[in-house]
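Biologist: Could you pick one part of this model and take me through it slowly? I'd like to see how it sits against the rest of the chain.

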Amino acid sequence: MTDKPKKKKSRQQVYTLLVEVGRKDGDGLPDNATGGALMIYASGIDEAEAVRETVAILKQADLAPLDVTGYGTMEERLAEGHDIAPDERKLMGRALAENSVIVAQMTPFFEDQN
């Protein structure tokens, strides 16, 4: 009897991403906004996959992603001393359970009028 090598089971994880977006017609940002930032929880096998999926979904939603900053998994953030609130943990759990991208917060940017 020969033992087949077991396939390494890939494990989805949730990554915290901060995405800066520019302006695009139909983006849903306030008319006088110059862009915005989105706090996102995205599932993926690794952070690169989570970023790719996030950017693709944001483009489908008529947003214009400019820059993505990754903050790692919940475990990595906790190891760095981040305080993760219960509602944030719930959204991360939802992203993992649904294998999805969750926009937790959207903050528009405005030009300083001074």
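Modeller: Here's a quick look at the whole chain, then the first helix, then two spots on the last strand and just before it.

Keep in mind that this is a predicted model, where local features need pLDDT of at least 70 and side-chain atom pairs count only at pLDDT 80 or more, while totals for chains, interfaces and linings use all residues. Numbering runs from 1 along each chain as its sequence is written, and side-chain values use heavy atoms, with hydrogens and water left out.

The chain has three helices and four strands, with helices (H or I, at least four residues) and strands (E, at least two) taken as DSSP runs numbered from the N terminus. Along the sequence they follow β-β-α-β-α-α-β. Of the 114 residues, 31% count as buried, meaning under 20% relative accessible area; exposed is over 50% and partly exposed is in between (1.4 Å probe, protein chains only).

Now to α1, residues 47-60. At 1.5 Å a residue, its 14 residues should span 20 Å, and the end C-alpha atoms are indeed 20 Å apart; the expected span is 1.5 Å times one less than the number of residues. Which residues of α1 are buried? They're A50, T54, V55 and L58. Down the axis of α1, these buried residues fall within an arc of 130°, so they line one face of the helix; the arc is that of the directions from the helix axis to the C-beta atoms. That fits the general rule: an α-helix has 3.6 residues a turn, so residues three or four places apart point the same way. On the other side of α1, R52, K59 and Q60 are exposed.

What covers that buried face? The cover includes β1 (13-22), β2 (33-44), β3 (64-73) and β4, where contact means heavy atoms within 4.5 Å. After α1 comes D62, with a positive phi near 65°.

One of those covering strands, β4, runs over residues 101-110 and holds A104. At 34% relative accessibility, A104 counts as partly exposed. Beyond its neighbours within four places in sequence, A104 contacts M39, Y41 and L91. Y41 is 63 residues from A104 in sequence, yet their C-alpha atoms are 7.1 Å apart.

S100 sits in the loop between α3 (86-98) and β4. S100 counts as buried, at 17% relative accessibility. Setting aside neighbours within four places, S100 touches Y41, A42, S43, R94 and A95.
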